[in-house]
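Please open the model in your viewer and keep the selection panel at hand. The tour below goes from one selection to the next and says what is there.

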Amino acid sequence: MALSFVVNKAEFTENAEDLGGSFEPLPAGNYEVALVDAKIAKFAKQGNYANTDSYHLTWKITDQNEVGANRRLWSRVALIPNWLPKNGAATGSSNFTLTQFANALGIVPDDDGVFELPDADEILDQDVTIGVEVIVREYNGKESNEINRYLSPEQLAKRQANAVPVTQTETKGAVKNNGLFV
């Protein structure tokens with residue numbers, strides 16, 4: 001038995017706009033978030049990291065934020081052991097997302113200096129501060145958000161205690177800042 005019904009497209013569009021929030025990019029800055037979904041999947045379909053596992057993460061911006069509360073952001077963290085600290089070092093390369101992510105979640109090496117990365121379901125409900133930037137996508141020219149850093153609440157507090165207000169400099173037409181509060 002087939003069902004049929006008529007959809008009033010104008011009414012549907014108006015109702016959908018009422019239900020949804022803005023999909024404009026959030027302003028660049030630091031946001032307190034909770035990890036609400038995590039899965040392990042392949043990082044890429046092809047290229048150097050095609051067979052590399054990664055965390056696929058869904059973050060919810062918490063109510064403590066003045067802007068963006070309850071919005072969702074997504075990120076992937078490639079699980080590449082070479083990017084983690086070696087030989088018992090307290091930290092790895094701060095340039096790599098996996099090290100920042102591990103540090104923000106308090107994942108530390110054991111006594112032998114070996115990191116054991118948790119399963120995806122073991123990292124849910126973690127509170128973290130993420131740094132968000134606004135980028136322009138090359139393929140469609142639209143602005144969107146991208147997560148560019150992960151900080152634990154303690155790391156953020158330490159960073160803010162030593163903070164210098166945002167400074168901007170112009171270098172050959174490009175504006176750069178210290179990235180702390182923007």
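Begin by selecting T97, which, leaving aside its neighbours within four places in sequence, is in contact (heavy atoms within 4.5 Å) with V77 and Y150. If you draw a distance between the C-alpha atoms of T97 and Y150, the value is 7.8 Å, although the two are 53 residues apart in sequence. T97 lies in helix α2, where helices are DSSP runs of H or I with at least four residues, strands are runs of E with at least two, and both are numbered from the N terminus. At 32% relative accessibility T97 counts as partly exposed, the scale being buried under 20% relative accessible area, exposed over 50% and partly exposed in between, with a 1.4 Å probe and protein chains only.

Before going further, note that this is a predicted model, in which local features need pLDDT of at least 70 and side-chain atom pairs count only at pLDDT 80 or more, whereas totals for chains, interfaces and linings use all residues. Residues are numbered from 1 along each chain as its sequence is written, and side-chain values use heavy atoms, with hydrogens and water left out.

**Helix α2 and its cover**

Extend the selection to the whole of α2, of which 6 of the 8 residues are buried, so that this helix is largely enclosed by the rest of the structure. The buried residues to highlight are L98, T99, Q100, F101, A102 and A104. What covers them? Show β2, β3, β4, β5 and α3 (153-161), which are included in the cover over the buried residues of α2. Just after α2, select G106, which takes a positive phi of about 75 degrees.

**Two buried strand positions**

Next, select L73 in strand β3 (residues 72-78); with 8% relative accessibility, L73 counts as buried. Once neighbours within four places in sequence are set aside, the contacts of L73 are L26, L57, T58, W59, I61, I130, V132, N145 and I147. For one of these, L57, the C-alpha atom is separated from that of L73 by 8.3 Å, with the two positions 16 residues apart along the chain counted as their separation.

Move then to S144, which has its place in strand β5 (residues 143-151) and counts as buried, at 19% relative accessibility. Apart from neighbours within four places in sequence, S144 is in contact with P25, E133, V134, I135 and R137.

**The loop before β3**

Select N70, found in the loop between β2 and β3 and partly exposed at 40% relative accessibility. N70 has a positive phi of about 75 degrees although it is not a glycine. Most residues other than glycine have a negative phi.

**Salt bridges**

How many salt bridges are there to display? The count comes to 2, where a salt bridge is a side-chain nitrogen of Lys or Arg within 4 Å of a carboxyl oxygen of Asp or Glu. One of them joins the side chains of K39 and D37 at 3.4 Å, N to O; K39 is partly exposed with a relative accessible area of 49%, and D37 is partly exposed with 28%. Another is formed by K42 with D53, whose closest N and O atoms are 3.0 Å apart. Because K42 lies in strand β1 (residues 29-42) and D53 in strand β2 (residues 53-61), this pair ties together parts that are 11 residues apart in sequence. K42 is partly exposed, with a relative accessible area of 45%, and D53 also counts as partly exposed, at 33%.

**A charged patch on the surface**

Now select D110, D111, D112, E116, D119, D121 and E122, which gather in a patch of negative charge on the surface. Such a patch is made of residues with over 30% relative accessible area and no salt bridge, like charges being joined within 9 Å. Within this group, E116 is found in the loop between α2 (97-104) and β4 (127-136), and E116 counts as exposed at 69% relative accessibility.

**The whole chain**

Finally, clear the selection and colour by secondary structure: the chain has 3 helices and 7 strands, following the pattern α-β-β-β-α-β-β-α-β-β along the sequence. Of its 182 residues, 30% count as buried. Among the contacts with a separation of 6 or more, 48% are accounted for by residues 24 or more positions apart.

Methods
Patches are made of residues with over 30% relative accessible area and no salt bridge: like charges are joined within 9 Å, nonpolar side chains (Val, Leu, Ile, Met, Phe, Trp, Tyr) within 5 Å. Accessible areas come from the Shrake-Rupley method with a 1.4 Å probe; for residues, only the protein chains shown count as cover. Lys and Arg count as positive and Asp and Glu as negative; His and the chain ends are not counted. The place of a charge is taken as NZ of Lys, CZ of Arg, CG of Asp or CD of Glu.
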